[in-house]
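Subject: Structure handover

Hello,

The structure is below. My notes on its core, pocket and cysteines follow.

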Amino acid sequence: MDTVYQASMATPLGPLCITCNSQAVTSIEFTDKPTSIDDDVPLLAQVKRELQEYFSGSRIVFEFPLQPQGTEFQQKVWQALRGIEHGQLASYGEIAKRIGSPKGMRAVGMANRNNPVAIVIPCHRVIGANGTLTGYAGGLDKKAWLLELEGSADRLRQSTS
């Protein structure tokens, strides 16, 4: 069994808990209980550095490996989410079509809800078909903040007016 490492980091949106094994990141989650356990693990240091660069506006692509755990369907959705580029938006219906399940909007929504790698698997870039902000496990305030950081909030406002 592979060793699990964990650390937390402060962000403008509150603490994040980062979990990885020896090969890849398995989760990044918003947390109320910051803990720093394995700060000497090189992969965790890389993740923290890349997230800090993202929050400062100097990084738009993450380079560290991911290994989120989920069903085959969830994996397909999460891979499709990674195809939504920084500053872009997509609807649940668009994601459902991209993965070959055009009527699977609700299932896509559930896969988004279960996304274990916040920010990096960008479920915050998924909006309602009518162009409005819809659920986000971290809260709609965090989703709106992330979209503002990425420069896509203006398009959201235009699509809702």
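Which residues line the largest pocket? They are I60, V61, F62, R82, I84, E85, H86, I119, V120, P122 and R125. A pocket here is an open set of points on a 1 Å grid over the protein atoms alone, where a 1.4 Å probe fits, with protein on both sides within 12 Å along at least five of seven lines; lining residues have an atom within 4 Å of a point. The volume is about 240 Å³, taken as the space filled by probe spheres set on the points.

This is a predicted model: local features need pLDDT of at least 70 and side-chain atom pairs pLDDT 80 or more, while totals for chains, interfaces and linings use all residues. Numbering runs from 1 along each chain as its sequence is written, and side-chain values use heavy atoms, without hydrogens and water.

The largest nonpolar core (buried Ala, Val, Leu, Ile, Met, Phe, Trp, Tyr and Cys residues joined through side-chain atoms within 4.5 Å; buried is under 20% relative accessible area, 1.4 Å probe, protein chains only) has 39 residues. V25, I28, L51, F64, L81, I95 and I119 have the most contacts inside it. I95 touches V77, A80, L81, I84, A90, V108 and V126 (heavy atoms within 4.5 Å), leaving aside residues up to four places away in sequence.

The count of disulfides (cysteine sulfur pairs within 2.5 Å) is zero. For C17, the nearest cysteine sulfur is that of C20, 10 Å away; C17 is buried, at 11% relative accessible area. C123 is also buried, at 8%, and its sulfur is 16 Å from the closest cysteine sulfur, in C17, so no bond can form.

Regards

Key
Buried < 20%, exposed > 50% of the residue type's maximum accessible area, 1.4 Å probe, protein only.
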